[in-house]
Amino acid sequence: MQILNYIGYFLISIGTIFLFLGGLGILRMPDFYTRLQAGTKASTLGAMSTILGIGFLQPEWFVKTFIIVVFIAIANPLSSHALARGSHKAKQMPFLKDEKIGDAYKEEEEKLHKNQKKEDK
Amino acid sequence: MDLFFIIIISVISLGAIFAIVRFIKGPTASDRVMALDTLSVMLIAVLVILGFLMKRYIYIDVSLVYAVLGFIGVITIARYLEGGI
Amino acid sequence: MTNIEIILTIVSLVLLIIAGFFAVQKKDLIHAVIATSVISLVLSLMFYLLQAPDVALTEAAIGIALSTIIFIITVRNTKRFEDK
């Protein structure tokens with residue numbers, strides 16, 4: 001039982017560091033898309049690791065904590081993907097040093113649209 | 001053990017304060033929605049730790065509800081910004 | 001109260017005042033809706049610290065999902081910016 005306590009404390013420490021780094025990344029990054037990357041990825045790993053650590057510290061609670069971890073792993077990337085897609089549609093530009101870099105997502109979308117029209121004919 | 005959890009809660013609170021600074025500064029609506037999302041994920045972790053400290057099994061249900069329902073508001077605002085809703 | 005609850009109470013009260021001031025002050029109504037959602041988030045933590053998890057559960061379910069959707073549909077049907 002002692003080894004489970006050590007694993008739990010280690011996981012909680014890792015998760016706390018990642019939650020703190022998520023907050024710091026949100027504050028320090030230069031534009032919206034890098035902020036989204038730092039915020040959602042780091043905080044997802046941090047929350048999952050912290051909750052699993054509590055599950056190791058109290059082994060009777062492990063099933064419910066594991067269910068919470070599964071729901072976080074489904075829901076959090078979903079919301080961040082929807083947010084990035086919505087703000088790209090709302091004409092939010094990333095921070096670019098070189099203005100000549102094109103918009104790859106838009107080009108792919110136009111190509112897809114053209115192919116679909118060709119198939120319709 | 002008590003000192004360990006005091007340090008844990010303080011570091012997570014510092015991260016939450018950074019997120020709320022971005023919520024105040026953020027130039028567009030997308031930045032603010034992202035700060036809300038990060039705050040909600042931090043809150044889930046804090047609620048589970050508090051439930052462990054209070055030794056009540058039933059207190060975990062609040063964070064379960066947050067994990068299930070927390071993304072609906074973000075998706076609604078994102079759909080509005082996209083122009084789809 | 002233990003030390004942890006005192007730390008969390010101070011942080012959440014500061015966040016509550018900041019978000020409430022922000023929700024009243026802004027002219028863009030989408031920003032006000034997001035600030036209302038933050039208020040509901042922090043208020044749920046306050047109810048949890050006062051040992052009322054059932055009220056916190058209801059506040060979580062209604063505040064973060066239902067009221068946000070209703071406010072967004074209202075803003076969609078009227079207009080986004082408040083008059084100067």
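Buried area is the accessible area, found with a 1.4 Å probe, that two parts lose on being put together, summed over both. With that in hand, the interfaces of this predicted model can be taken one at a time. The area buried between chain B and chain A comes to about 3900 Å², and carbon and sulfur atoms account for 77% of that area. The contact draws on 44 residues of chain B and 41 residues of chain A. Two pairs of chains are in contact, and chains A and B are the pair that shares the most contacts.

Charged and polar groups also take part in the meeting of chains A and B. Four salt bridges are counted between chain B and chain A. One of the salt bridges pairs Glu82(B) with Arg85(A), with 2.9 Å separating the closest N and O atoms. In addition, six residue pairs are in polar contact across the interface of chain B and chain A, both residues of each pair being at pLDDT 80 or more. On the chain B side of this interface, α1, α2 and α3 each give two or more residues. The biggest contributor there is α2(B), which gives 14 residues. By class, the side of chain B that touches chain A holds 30 nonpolar, six polar and eight charged residues.

Chain B also meets chain C. Here 37 residues of chain B are in contact with 36 residues of chain C. About 3500 Å² is buried between these two chains, with 83% of that area on carbon and sulfur atoms. The count of salt bridges between chain B and chain C is zero, while three residue pairs are in polar contact across the interface, again with both residues at pLDDT 80 or more. The side of chain B that touches chain C takes two or more residues from each of α1 (2–25), α2 (29–54) and α3 (60–82) of chain B. Of these elements, α2(B) supplies the largest share, 13 residues. This side of chain B is made up of 26 nonpolar, eight polar and three charged residues. As for the remaining pairing, no contact joins chain A and chain C, and the closest C-alpha atoms of these two chains lie 13 Å apart.

Attention can now turn to the empty space inside the model. Rolling a probe the size of a water molecule over the atoms shows where such space is left. Three cavities of 30 Å³ or more are found in the structure. The largest cavity contains about 190 Å³ of space. Of the 14 residues lining the largest cavity, those closest to its centre are Ala16(B), Leu39(B), Leu43(B), Leu15(C) and Leu45(C). Chains B and C both contribute to this lining, with two or more residues coming from each of α1 and α2 of chain B and α1 (3–25) and α2 (29–49) of chain C. Twelve of the lining residues are nonpolar and two are polar, with no charged residues in the lining of the largest cavity.

The second largest cavity, with a volume of about 110 Å³, has a lining that includes residues of chains A and B. Its lining comprises 13 residues, and Ala75(A), Asn76(A), Val41(B), Ile44(B) and Ala67(B) lie nearest the centre. At least two lining residues come from each of α3 (62–89) of chain A and α2 and α3 of chain B. The largest share, five residues, belongs to α3(A). In the lining of the second largest cavity, eight residues are nonpolar, four are polar and one is charged.

Finally, there is the largest pocket, which holds about 210 Å³ of space. The residues that line this pocket are His88(A), Lys89(A), Lys91(A), Gln92(A), Met93(A), Asp103(A), Lys106(A), Glu109(A) and Glu110(A). Two or more of the lining residues come from each of α3 and α4 (104–120) of chain A, and α4(A) gives the most, with three residues. By class, the lining of the largest pocket has six charged, two polar and one nonpolar residue.

Notes: Residues numbered from 1 in each chain as written. Chains lettered and ligands numbered in written order. Predicted model: local features only at pLDDT ≥ 70, side-chain atom pairs only at ≥ 80, totals over all residues. Heavy atoms only, no water. Contact = heavy atoms within 4.5 Å. Salt bridge = Lys/Arg side-chain N within 4 Å of Asp/Glu carboxyl O. Polar contact = N/O pair within 3.5 Å; in protein donor to acceptor, adjacent residues only side chain to side chain. Helix = DSSP H or I, 4+ residues; strand = E, 2+ residues; numbered from the N terminus. Nonpolar A, V, L, I, M, F, W, Y, C, P; charged D, E, K, R; others polar. 1 Å grid on protein atoms, 1.4 Å probe; cavity = no way out; pocket = protein on both sides within 12 Å on 5 of 7 lines; lining within 4 Å. Points joined across faces, edges and corners; volume = space filled by probe spheres on them.
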